[in-house]
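Q: Please take a close look at the salt bridges in this structure and at the parts of the fold in which their residues sit. I would like one connected account, with the cut-offs behind each term.

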Amino acid sequence: MHDQNNENIFDNEYTKKLWADCLTILQDRVNNQSYKTWFEPIIPLQIEKNKLSIKVPSQFFSDWLEEHYYSLINEALTQVTGREIVVDHIITSEERESSLLSIDFDSTQANLGKLPAGPLSIKSSVPELLTKVSTIKISQPSINHSINPRYTFDNYIKGESNQFARAAALAVANNPGGTSFNPLVIYGGVGLGKTHLVHAIGNHLLSSGKTNRILYVSSEKFTIDFVEAIQKDRVADFSNYYRSVDLLVVDDIQFFAGKEKTQDMFFHTFNALYHLGKQIVLSSDKPPKELKSVNERLISRFQWGLTADIQPPDLETRIAILQKKSSDDGIDLSHNVVEFIASNITSNIRELESCLIGLLARASLENRDIDLELAKSVVRSIIGEVRSHVTIEEIQRVVAEYMMIPEDLLRAKTRKQEVVNARQIAMYLAKELTNSSLKTIGLHFGGRDHSTVIHAYQCVEDSMGLDQKQKSLVQQLRSKLERNIS
Ligand code: ADP
Ligand code: MG
């Protein structure tokens, strides 16, 4: 045994070897999927006395281990060492990332000590304070950027739904303050990737080495810090801090609603940065002009630059995201599982992620493979019931409505091109999504026979292969039908 200075602290080599022995034991005790998911990512750090510290990828991971595998690991440790060793301290890779901005008031405090006393009191109005602060040279405070390294452009999947916002974000990241996209406002629904994208700008800029004077805050954080600054009579520090960055990202500006003083402060911060040519990036759950209880003059500022939206991802993007995320996690998902999840979880990327976590968790807990049955059960727990039956009537209704064609024409004899296409698509979907026989399908379409249905099916399949528009039309209809889950 290899002792370090303290006879009870063992060095890395020893810890690594011991952990490798443990893994051999653990590998025999759990199934392969669980082993790969929950044990391979563990990094042993050190053993001190009878305690082993480890590092794992996330808090979720840590909780899971604690709940399900602690005793197993401890047994293995005891078996390998012949004495009782327990897993003690778990640190997560996220810990580094999660420490949110804490304003480094103290570093500016020293400088402030040299300022004339008195005028920087909270009794002065905000604009007045800003002018005072700007006329007094204060060395730049150090910035805790709070950019999450996990959210990059590299792992942001491109799709039609986010293409524009992503391109704008990239342009800004390459040339902060130097495009007409100032401010860049990214808006879209919950879980569609706004936060990811704004962090990606920060990461891109950090890795370019151009500047590290970058600051990410949520609008709540901005508000809390501002209130605290008022309470502690440190508004000038606050203002100086926010004005000293090259890129300011404020996430979820809809939460500024109704907070007049904070909006006022933000307005002046915005102006100061804007006039210095610094980049401002904002995210919101709706377009700026629809923000309620936000001051008009602020809203008009938000519209000075570029507003880009992120839409819910289409089926192909959802599939791409699932494939990427599962392969990053080392999970092998069959194509039908991926397609099933992507067809049912349609409106939110965060839910796609929860689904993957749920699949992993259930597969490990129940010691089973990830198959369609498990996927159905996990999806059901996220979105409620999964559609088991779509009816032909429903397909006709949805297709007719979507393609703006009177529904009864689908069953009539008309051979007008757009009606024929809609009818064929409806037949195609009926064959794909219901268990009805070709004969039954034909009967629902004005008593046509089964060969007409086969022909329709073929035509649609061929045209999807040739025509991207047709393909995405059919996919949209399909996901619409699959989404109308009762
Ligand atoms: P929002 O801020 O719009 O609510 P987030 O940025 O927090 O959404 O995204 C939710 C989750 O989905 C995050 O884990 C994010 O990494 C992931 N995500 C969103 N869009 C994409 C994308 N295009 N590619 C890969 N992951 C994405
Ligand atoms: Mg967000």
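A: The account below starts with the basis of the values, goes through the salt bridges and then turns to the surrounding elements.

This is a predicted model, in which local features need pLDDT of at least 70 and side-chain atom pairs count only at pLDDT 80 or more, while totals for chains, interfaces and linings use all residues. Residues are numbered from 1 along each chain as its sequence is written, chains are lettered from A and ligands numbered from 1 in the order in which they are written, and side-chain values use heavy atoms, with hydrogens and water left out.

The structure holds 15 salt bridges, a salt bridge being a side-chain nitrogen of Lys or Arg within 4 Å of a carboxyl oxygen of Asp or Glu. One of them joins the side chains of K16 and E13, with N and O 3.8 Å apart. Both residues belong to helix 1 (residues 12-29), where they are 3 residues apart, or about one turn of the helix; helices are DSSP runs of H or I with at least four residues, strands are E runs of at least two, and both are numbered from the N terminus. An α-helix has 3.6 residues a turn, so residues three or four places apart point the same way. K16 counts as partly exposed because its relative accessibility is 47%, whereas E13, at 54%, counts as exposed; here buried means under 20% relative accessible area, exposed over 50% and partly exposed in between, with a 1.4 Å probe and protein chains only.

Helix 1 also takes part in a second pair, in which the closest N and O atoms of E75 and R29 are 3.5 Å apart. Because E75 lies in helix 4 (residues 70-81) and R29 in helix 1, this salt bridge ties together parts that are 46 residues apart in sequence. E75 is partly exposed, with a relative accessible area of 45%, and R29 is partly exposed at 39%.

Another salt bridge links E228 with K232, again with 3.5 Å between the closest N and O atoms. E228 is partly exposed at 30% relative accessibility, and K232 is partly exposed at 48%. Elsewhere, salt bridges connect R362, E366, R368 and D371 into a network.

Helix 10 (residues 219-231) deserves a look of its own, since its axis comes within 10 Å of that of helix 12 (residues 260-275) and crosses it at roughly 100°; axes are lines fitted to C-alpha atoms, for helices over the stretch in contact, and angles run from 0 to 180 degrees between N-to-C directions. The two helices are therefore roughly perpendicular, a label for angles of 65 to 115 degrees, with those under 35 called roughly parallel, those over 145 roughly antiparallel and the rest oblique. In this contact (heavy atoms within 4.5 Å), F222, T223 and F226 of helix 10 meet K261, T262, M265, F266 and T269 of helix 12. The contact residues divide into 4 nonpolar, 3 polar and 1 charged, where Ala, Val, Leu, Ile, Met, Phe, Trp, Tyr, Cys and Pro count as nonpolar, Asp, Glu, Lys and Arg as charged, and the others, Gly among them, as polar.

Cross-links of the other kind are absent: a search of the whole structure finds 0 disulfides, meaning pairs of cysteine sulfur atoms within 2.5 Å.
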